[in-house]
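Hi there,

Here is the structure I promised to send over. Have a look at it first, and then read on for my notes on its salt bridges.

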Amino acid sequence: MFIRSDNGPEFVAGVLREWFARLGVKTLFITPGSPWENGYCESFNGRLRDELLNGELFYSLREAQVVIENWRREYNTIRPHSSLHYRPPTPETMMPADPACAVGWLWPDRPTLGGLEMVT
């Protein structure tokens with residue numbers, strides 16, 4: 001098993017490399033100065049840094065966990081992504097309290113009456 005990453009200090013640190021060795025995981029580093037070799041990760045890391053990390057100063061690990069998790073949820077469920085035709089990767093779903101109403105909500109092109117599907 002391999003983990004592919006750039007050559008940032010967080011990935012070449014001795015402690016991390018020792019941990020990977022204990023887990024039996026090898027590292028594959030991209031060529032320095034070649035972010036296109038790991039484009040998806042580089043894009044995400046750049047957005048995370050630009051949209052969140054550069055504007056925050058964390059005073060505790062717990063604060064960092066909460067703030068980053070909130071950003072991650074918004075990034076994955078609300079924020080539109082141009083590569084997905086301006087839809088989020090995993091949009092939040094809402095189901096009506098009354099399952100009978102779901103017919104009209106799930107299939108808006110089918111005629112319904114009071115949440116009951118009309119069969120013609």
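In which helix do Glu69 and Arg72 lie, and how many residues apart are they? Both sit in helix H4, 3 residues apart, or about one turn of the helix. Please keep in mind that this is a predicted model.

These two side chains form a salt bridge, with their closest N and O atoms 2.6 Å apart. Glu69 also pairs with Arg73, and there the closest N and O atoms are 2.9 Å apart. Arg73 and Glu69 are 4 residues apart in helix H4, which again comes to about one helical turn. Together, Glu69, Arg72 and Arg73 make up a network of salt bridges.

As for accessibility in this network, Glu69 is partly exposed at 26% relative accessibility, and Arg72 is partly exposed too, at 39%. Arg73 counts as exposed, with a value of 51%, since the cut-off for exposed is over 50%.

The model has 3 salt bridges in total. One of them joins the side chains of Arg79 and Glu51, at 3.0 Å from N to O. Arg79 belongs to the loop between helix H4 (61–77) and helix H5 (102–106), while Glu51 is in helix H3 (residues 39–51), so this pair ties together parts that are 28 residues apart in sequence. Arg79 is buried, with a relative accessible area of 17%, because buried means under 20%. Its partner Glu51 is partly exposed, at 39%.

Happy browsing, and best wishes!

Definitions and conventions. Residues numbered from 1 in each chain as written. Predicted model: local features only at pLDDT ≥ 70, side-chain atom pairs only at ≥ 80, totals over all residues. Heavy atoms only, no water. Salt bridge = Lys/Arg side-chain N within 4 Å of Asp/Glu carboxyl O. Helix = DSSP H or I, 4+ residues; strand = E, 2+ residues; numbered from the N terminus. Buried < 20%, exposed > 50% of the residue type's maximum accessible area, 1.4 Å probe, protein only.
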